[in-house]
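This report describes a protein model and its ligand. It takes up the helices, the core, the ligand shell and a few single residues in turn.

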Amino acid sequence: MLAIVWQENIKGCRVTVASAAWGASRKTGSMTIYEEIGGADAVNAAVDIFYEKVLGDPLLTPFFENVEMGGQNRKQRAFFTVLFKGESDGAEAYMRRSHASLVRDRGLSDEHFGAVATHLNATLDELQVPDHLISQIMGAAAGLKNAVLNR
Ligand code: HEM
């Protein structure tokens, strides 16, 4: 249910929020999650915690072994930008394109997706992101699952 609600939000590219309890600013009105959560600062904070978890997970490390590190920093930020901005048109195709060879050549599957989602949830928890935003972000991730797994 939540995923469906969020899918609609992704398409509209906006979410309506009462106030931002997390991040530097407290605003009201219609904002993207990216804005509500604190923009680039929030992405930076989340990236460090998240990738420590992902790269420390033996199930996932093999996928990142051959990834070029300069680009990886950009890619790490892009991961959160996709989820926080809920970027809509093109996000599914972008995710399909970026992960198709991992599915084909390295066996990227539900199991790996589940592990990444668990680390994402734990990261957002650690950063004390409000529950309603965590739900929306996890919904956004779930909504991209079939694209990531090229189904
Ligand atoms: C909703 C879930 C996911 C999102 C939003 C996401 C997002 C992204 C983004 C934005 C990129 C960078 C693409 C580019 O511009 O080059 C990327 C690359 C990558 N992702 Fe994901 N990803 C997700 C799930 C996963 C999962 C489950 C894995 C499993 C290990 C994974 C492994 C990778 C790897 C290894 C790369 C680098 C590929 C390469 O350049 O060789 N991703 N992902």
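## Helices and buried positions

Helix 3 buries Ala-42, Val-43, Ala-46, Phe-50 and Val-54. This helix has 17 residues, and its first and last C-alpha atoms lie 24 Å apart, close to the 24 Å expected at 1.5 Å a residue. The model is a predicted one.

In helix 8, the buried residues are Leu-133, Gln-136, Ile-137, Gly-139, Ala-140, Ala-141 and Gly-143. The 13 residues of helix 8 should span 18 Å at 1.5 Å a residue, and the end C-alpha atoms are 18 Å apart, so the two values agree.

The protein as a whole has 9 helices and 2 strands. Read from the N terminus, the order of elements is α-β-β-α-α-α-α-α-α-α-α. Of the 151 residues in the protein, 28% are buried. Among contacts between residues at least 6 apart in sequence, 73% join residues at least 24 apart.

## Confidence

The mean pLDDT of the protein is 79, and 76% of the residues reach 70 or more. Confidence is lowest in helix 1 (residues 2–12), with a mean of 32, and highest in helix 7, with 97. Residues 1–28 have a pLDDT below 50, and this stretch has 48 contacts in the model beyond near neighbours in sequence. Where pLDDT is low, the predicted coordinates should not be read in detail.

## The nonpolar core

Which residues touch the most other members of the largest nonpolar core? Of its 24 residues, they are Ile-33, Ile-37, Phe-80, Leu-83, Phe-84, Ile-137 and Ala-141. Two or more residues of this core come from each of helix 2 (33–37), helix 3 (39–55), helix 5, helix 7 and helix 8 (131–143).

Phe-84 shows some of these contacts in detail. Leaving out residues up to four places away in sequence, Phe-84 touches Ile-33, Tyr-34, Ile-37, Val-43 and Ile-137. Val-43 is one of the buried residues of helix 3, and Ile-137 is one of those in helix 8.

## The shell around the ligand

The ligand has 20 residues around it, and Phe-63, Lys-75, Ala-78, Ser-98 and Val-116 come nearest. Helix 4 (61–64), helix 5 (69–85), helix 6 (88–106) and helix 7 (110–126) are the elements that give two or more residues to this shell. Helix 5 gives the most, with 5 residues. By type, the shell residues divide into 16 nonpolar, 3 polar and 1 charged. Helix 5 and helix 7 are thus named both for the shell and for the largest nonpolar core.

## Single residues

The table sets out four residues by place and by C-beta neighbours.

| Residue | Place | Other C-beta atoms within 10 Å |
|---|---|---|
| Gln-76 | helix 5 | 20, buried |
| Ala-117 | helix 7 | 14, partly exposed |
| Gln-128 | loop between helix 7 and helix 8 | 9, exposed |
| Asn-150 | segment after helix 9 (145–148) | 15, partly exposed |

Why is Gln-76 classed as buried? Gln-76 has 20 other C-beta atoms within 10 Å, and a residue counts as buried because 20 or more lie within that distance. Apart from residues up to four places away in sequence, Gln-76 touches Val-47 and Tyr-51. The C-alpha atoms of Gln-76 and Val-47 are separated by 6.3 Å, although the two residues are 29 residues apart along the chain.

Ala-117 touches Met-138 and Ala-141, again not counting residues up to four places away in sequence. Ala-141 is among the buried residues of helix 8, whereas Ala-117 is partly exposed. Ala-117 and Lys-145 are 28 residues apart along the chain, and their C-alpha atoms are separated by 9.9 Å.

Backbone angles single out the other two residues. Gln-128 has a phi near 55 degrees, a positive value in a residue other than glycine. Gln-128 is exposed, because 9 other C-beta atoms lie within 10 Å, and the cut-off for exposed is 12 or fewer. Asn-150 also has a positive phi, near 55 degrees, and is likewise a residue other than glycine. Asn-150 has 15 C-beta neighbours inside 10 Å, so it counts as partly exposed.

Conventions:
Residues numbered from 1 in each chain as written. Predicted model: local features only at pLDDT ≥ 70, side-chain atom pairs only at ≥ 80, totals over all residues. Near = placed C-beta within 6 Å. Helix = DSSP H or I, 4+ residues; strand = E, 2+ residues; numbered from the N terminus. Nonpolar A, V, L, I, M, F, W, Y, C, P; charged D, E, K, R; others polar. Core = buried A, V, L, I, M, F, W, Y, C linked by C-beta atoms within 7 Å. Contact = placed C-beta atoms within 7 Å. pLDDT = per-residue confidence, 0-100. Expected span 1.5 Å × (residues − 1).
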